[in-house]
Amino acid sequence: MAKVYFLDVRKGYRDNILVMLDRLIKKAGGMDIVKKGGRCAVKTHFGEDGNVNFVSPLYVRRIVDAIRKAKGKPFLTDTTTLYGGRRLRADTHIELAREHGFDFAPVIIGDGLYGDDYTDVKGDKIGRLYTYTDTMVCITHFKGHLVTGFGGTLKNLGMGCAAKGGKLDMHSGSKPHVVKETCTLCLRCFNYCAFDAIKKTKVSAVIDHKRCTGCAGCMSICPERAIRFNWSASSTDLQKKMGRYAARVAENKKIFYLNFLIDISPNCDCFHTNDPMIAPDIGILASFDPVSIDQACYDMVKEPIDRLHDDIDATEQLAYAAQYGAGEREYEIISI
Ligand code: SF4
Ligand code: SF4
């Protein structure tokens with residue numbers, strides 16, 4: 001049974017929350033994974049432009065300080081997105097991260113400038129950086145999610161460490177296509193595609209799906225946002241693939257997980273708006289098991305999550321992740 005350490009913010013502590021966070025990390029042995037002089041990835045979500053619910057940089061800075069105290073070399077990391085906006089490409093994503101206060105450690109985007117830098121791991125497209133990173137602290141904001149019921153560590157790991165093509169694979173059963181009415185025939189995508197999958201016609205570029213690998217890099221290249229995909233995956237399909245990706249990312253790594261059940265919003269931090277919270281703040285959880293930590297969080301906010309997304313079985317991601325060997329659903333809570 002996996003151990004999940006729990007800092008309950010509803011209790012009155014004599015020390016402030018950052019001091020208590022230090023204590024949680026110490027009690028859980030979180031910094032035992034850090035190698036002296038070794039790099040340590042700090043995987044988090046820097047928040048969409050306009051969203052303020054992501055894990056505060058004040059917490060993340062404290063965790064980065066703990067890694068430095070353990071003589072590790074931390075860097076902050078996330079990947080590019082499938083949809084438009086400043087997180088679509090690495091350069092603008094880094095700019096946004098800095099604007100959101102993540103300016104105290106290097107920021108490295110794990111799937112490259114256009115999101116096409118990946119390693120094929122048994123058919124899944126994992127951001128290449130994460131396939132040669134062996135030490136990670138994974139910091140997650142636990143909240144509701146439109147398609148998966150909740151978004152926690154498994155989403156941060158599975159979706160958040162996938163390259164753009166991996167996200168496409170999870171969100172859609174199909175490959176991208178060109179909207180011919182929007183295409184200006186600038187041919188940037190034609191010159192970019194390494195797989196010769198883009199053809200010119202008299203009216204627009206066209207993607208040959210027989211040649212296309214689904215890397216999704218051309219979606220970052222097109223200045224008109226004319227290259228699109230269908231958000232056609234069902235919740236079950238997405239949760240299944242996300243569980244599998246999470247297991248692939250976690251394989252052969254030492255990862256310490258922290259989930260923040262604070263500012264529990266109805267939707268994920270990729271939204272550019274902030275709706276009212278669905279539950280009061282609960283606390284911070286820590287574990288070495290990505291399935292147990294999400295299971296424990298879900299058990300704490302099951303009622304508002306299920307009420308909000310009554311058409312989704314949010315436990316599927318837990319079951320699939322466990323089935324693919326990411327971790328176990330049984331856990332023991334250790335309160336600090
Ligand atoms: S057409 Fe396909 S293979 Fe070529 S860049 Fe776009 S997604 Fe990648
Ligand atoms: S990059 Fe966009 S606008 Fe330019 S040819 Fe390709 S699809 Fe058309």
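This text walks through a predicted model, from its sheet to its cores and ligand sites.

Start with the sheet. Eight strands form an open sheet with mixed pairing, in the order S4-S3-S2-S7-S14-S15-S1-S16. Its edges are strand S4 (107-109) and strand S16 (331-335), each of which pairs on one side only. From one strand to the next, the twist averages 25 degrees. Look now at the S16 end. Strand S1 (residues 2-8) runs parallel to S16, and five bridges join the pair. In this pairing, Ala2 of the chain stands opposite Tyr331 in S16.

Two helices can be placed against these strands. Helix H1 (residues 17-28) packs on the sheet and touches S1 and strand S15 (283-287). The direction of H1 makes about 165 degrees with that of S1. Helix H9 (residues 290-308) lies across S1, strand S14 (254-261), S15 and S16. H9 runs at about 10 degrees to S14.

H9 also leads into the interior. The largest nonpolar core has 84 residues. Val137, Ala246, Leu261, Leu285 and Ala321 touch the most other members. H9 gives the most to this core, with eight residues. Take Leu285 as a guide. Beyond residues up to four places away in sequence, Leu285 touches Val4, Tyr5, Phe6, Asn259, Leu261, Ile293, Ala296 and Cys297. A second core is separate and holds 15 residues, including Val178, Ile198, Cys222 and Ala226.

Cys222 brings us to the ligands. Around ligand 2 there are 15 residues, and Cys222 is among the closest, with Cys183, Cys186, Cys189 and Ala205. By class, this shell has eleven nonpolar, two polar and two charged residues. Ligand 1 is surrounded by 13 residues, the closest being Cys193, Ala197, Cys212, Cys215 and Cys218. The shell of ligand 1 has ten nonpolar and three polar residues, but no charged ones.

One helix remains. Why is helix H5 (residues 164-171) described as largely enclosed by the rest of the structure? Eight of its eight residues are buried, so the surrounding structure largely encloses H5. The buried set is Lys164, Gly165, Gly166, Lys167, Leu168, Asp169, Met170 and His171. What do these buried residues of H5 pack against? Their partners are strand S5 (118-121), strand S6 (124-127), helix H7 (217-221) and helix H8 (235-250).

Conventions
Residues are numbered from 1 along each chain as its sequence is written. Chains are lettered from A and ligands numbered from 1 in the order in which they are written. This is a predicted model: local features need pLDDT of at least 70, side-chain atom pairs count only at pLDDT 80 or more; totals for chains, interfaces and linings use all residues. A residue is near a molecule or strand if its C-beta atom, placed from the backbone, lies within 6 Å of it. Ala, Val, Leu, Ile, Met, Phe, Trp, Tyr, Cys and Pro count as nonpolar, Asp, Glu, Lys and Arg as charged, and the others, Gly among them, as polar. Two strands pair if DSSP finds at least two bridges between them. Helices (H or I, at least four residues) and strands (E, at least two) are DSSP runs, numbered from the N terminus. Axes are lines fitted to C-alpha atoms, for helices over the stretch in contact, and angles run from 0 to 180 degrees between N-to-C directions. Two residues are in contact if their C-beta atoms, placed from the backbone, lie within 7 Å. A nonpolar core is a set of buried Ala, Val, Leu, Ile, Met, Phe, Trp, Tyr and Cys residues joined through C-beta atoms within 7 Å. A residue is buried if 20 or more other C-beta atoms lie within 10 Å of its own, exposed if 12 or fewer, and partly exposed in between; C-beta atoms are placed from the backbone.
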